[in-house]
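Let's take a walk through this one together, starting in the middle and working outwards. Have the sequence and the 3D view open side by side.

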Amino acid sequence: MSKAASQAGKAPSQRQLRVAEEIRHVLAGVFGRGEFRDPDLADARITVAEVRISPDLKHATVFVSRLGRSDVAALLPGLRRAGRYLRGEIARAVRLRYSAELHLRSEDHTSELQARVHLVC
């Protein structure tokens, strides 16, 4: 069994959680400043709901939402175009051997639903 396959069922390590939180913090700052040249992102108020990072710290899945609106999916193409800029900002702020490749997604509501189910049971 490969290392990646054995890691798939495990909870994230403390290092993964710490790095993911640092990435979330950096991205929240970038989105708060609104320093995008892309006109699609100029007036968008974006929040970072969660960041999940792979065990090797090379891939980060970023769940974003839009303040007061539910049409974040319309912003995803613009955010993906800005991915190189975002990755550079993360590389400057978080000192790691590799800068994580970003995978931007709309906010994941399934985890909230699962959390509610576990609380009820």
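## Starting from the middle strand

Strand β2 is largely enclosed by the rest of the structure, because six of its eight residues are buried. Keep in mind that you're looking at a predicted model.

So what is around this strand? β2 is part of an open, three-stranded sheet with the order β1-β2-β3 and mixed pairing. The edges are taken by β1 (46-53) and β3 (101-106), each of which pairs on one side only. On average, neighbouring strands in this sheet are turned by 30 degrees against each other, ignoring direction.

Look at the β1 side. Here β1 and β2 (residues 59-66) run antiparallel, joined by seven bridges. To get your bearings, find T47, whose bridge partner in β2 is S65, and then V51, which has V62 as its bridge partner in β2. The two strands make a hairpin with five residues between them, and L57 in the turn has a positive phi of about 65 degrees.

Now swing over to the other pairing. β2 and β3 run in the parallel sense, with six bridges between them. A handy marker here is A60, whose bridge partner in β3 is L102.

Next, bring in helix α2 (residues 14-33). It lies across β1 and β2, and runs at about 160 degrees to β1. A good residue to click on is I23. Skipping neighbours within four places in sequence, I23 is in contact with V51, I53, A60, I90 and A100. You've already met two of those: V51 as the bridge partner of V62, and A60 as the bridge partner of L102.

I23 also leads us to the core. The largest nonpolar core has 29 residues, and I23, F31, V64 and L79 are the ones with the most contacts inside it. At least two residues of this core come from each of α2, β1, β2, α3 (76-81), α4 (83-93) and β3. The largest share is that of α2, with seven residues.

One more stop: A44, in the loop between α2 and β1. Is A44 buried or exposed? Its relative accessibility is 12%, so A44 counts as buried. Which residues does A44 touch, once those up to four places away in sequence are set aside? They are R66 and L75. A44 and R66 sit 22 residues apart in sequence, yet their C-alpha atoms are 7.4 Å apart in space.

Finally, zoom out to the whole chain. There are five helices and three strands, and from the N terminus on they follow the order α-α-β-β-α-α-β-α. Among contacts with a separation of 6 or more, 66% are between residues 24 or more positions apart. Of the 121 residues in the chain, 32% count as buried. As for the outside, the chain exposes about 8,200 Å², with carbon and sulfur atoms supplying 52% of that.

If you go back to the start with all this in view, β2 is the strand between β1 and β3 in the sheet order, antiparallel to β1 and parallel to β3, with α2 lying across both β1 and β2.

Terms used
Residues are numbered from 1 along each chain as its sequence is written. This is a predicted model: local features need pLDDT of at least 70, side-chain atom pairs count only at pLDDT 80 or more; totals for chains, interfaces and linings use all residues. Side-chain values use heavy atoms; hydrogens and water are left out. Two strands pair if DSSP finds at least two bridges between them. Helices (H or I, at least four residues) and strands (E, at least two) are DSSP runs, numbered from the N terminus. Axes are lines fitted to C-alpha atoms, for helices over the stretch in contact, and angles run from 0 to 180 degrees between N-to-C directions. Contact means heavy atoms within 4.5 Å. Buried means under 20% relative accessible area, exposed over 50%, partly exposed in between (1.4 Å probe, protein chains only). A nonpolar core is a set of buried Ala, Val, Leu, Ile, Met, Phe, Trp, Tyr and Cys residues joined through side-chain atoms within 4.5 Å. Accessible areas come from the Shrake-Rupley method with a 1.4 Å probe; for residues, only the protein chains shown count as cover.
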